[in-house]
Amino acid sequence: GIAMAPIRTYTDWNKRPSDQEDQIEPYRKYFFICEGSNTEVWYFKKLIDLRKQLRIHPLIDIRLMEKTEEDKTVSNPKALIKFAEKQRGITENKFDQKHDKMVIVFDVDIYKGDLTKYNEIIKLGDGNLLAVTNPSFELFLLLHYENSYEELIKPNEEEILRNKKTGKRRYMAALFTDKSGINPKENPAVGDLAANIDIATKQEKQINQDIHKAMGNLTSNIAAIIQQIRNDQALD
């Protein structure tokens, strides 16, 4: 099983101007858990830092759960989902079963088109928000550039889906780096793209956003989940 490593959570919830405001408990918390320990972490930390600009309701909290020590290697979706389930039950996390949500972020590429295995994961993760990209997180990142769908994604759809390795990198990662000048595995500047989430939200609608249809389709529903959080009015 997964050992109990300490977990670090990143939130800007407590960066409040007055002690009086500090007493408020969030109405709902969205806990993000990612397979990657670099790219996704840089992106979601930046997104959390931008909560004011994103007009996220003051009673909605976004927390990034960072895997530490031996959990750092927990990356396959099955292990991530088990990890999330475990975190729900840990008192210190203050996970409110009634209101809070786990958002589990993973790439579909690892299933190599194996629908049975993929469907098992979707079923296993039911009860969480599953944030899925096919083939990989870089597809979601590329959507943050104006017109990237028309200019780069649509014309290269087949190559992106095949996502073959050329040299050290897969096609999708290389396509992203060619556009951005950023190596997403090594450069924290990738987080700055979060400021363009509105562009990504608009463009994501041009690819498949239904996680049940991810196999064989360019897929991302991450912007849609972020939009859901931005629309959350802290009512039920």
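## Helix α9 and I199

Helices here are DSSP runs of H or I with at least four residues, numbered from the N terminus. With that in hand, welcome to a short tour of a predicted model. Our starting point is I199, which sits in helix α9, spanning residues 197-204.

Is I199 buried or exposed? Its relative accessibility is 19%, and because the cut-off for buried is under 20%, I199 counts as buried. Setting aside neighbours within four places in sequence, the residues in contact with I199 are L143, H144, Y145 and E146. N147 can be added to the picture through a C-alpha separation: 8.7 Å lies between the C-alpha atoms of I199 and N147, although 52 residues separate the pair along the chain.

## D232, just after α10

Let's move on to D232, found in the segment that follows α10 (222-231). This aspartate is buried, with a relative accessible area of 8%.

What surrounds D232 once its neighbours within four places in sequence are left aside? The contacts are R28, Y30, H57 and I60. There is also a polar partner to look at: a polar atom of the D232 side chain lies 2.9 Å from the backbone nitrogen of A234.

## Two positive phi angles

Now for some backbone geometry. Most residues other than glycine have a negative phi. Against that background, two residues deserve a look in the viewer.

K112 has a positive phi of about 45° without being a glycine. This lysine belongs to the loop between β4 (101-107) and α4 (115-124). K112 is exposed, its relative accessible area being 63%.

N163 also carries a positive phi, near 50°, and is likewise a residue other than glycine. You will find N163 in the loop that runs between α7 (157-162) and β6 (165-166). How does burial turn out for N163, buried or exposed? N163 is buried, with a relative accessible area of 2%, whereas K112 is exposed.

## A cis peptide bond

Most peptide bonds are trans. Which two residues are joined by a cis peptide bond here? They are N134 and P135, and omega for this bond is about 10°.

To place the bond in the fold, note that P135 lies in the loop between β5 (129-134) and α5 (137-142). If you are setting up a view of the backbone, the stops are the cis bond between N134 and P135, the positive phi of K112 and the positive phi of N163.

Definitions and conventions:
Residues numbered from 1 in each chain as written. Predicted model: local features only at pLDDT ≥ 70, side-chain atom pairs only at ≥ 80, totals over all residues. Heavy atoms only, no water. Helix = DSSP H or I, 4+ residues; strand = E, 2+ residues; numbered from the N terminus. Buried < 20%, exposed > 50% of the residue type's maximum accessible area, 1.4 Å probe, protein only. Polar contact = N/O pair within 3.5 Å; in protein donor to acceptor, adjacent residues only side chain to side chain. Contact = heavy atoms within 4.5 Å.
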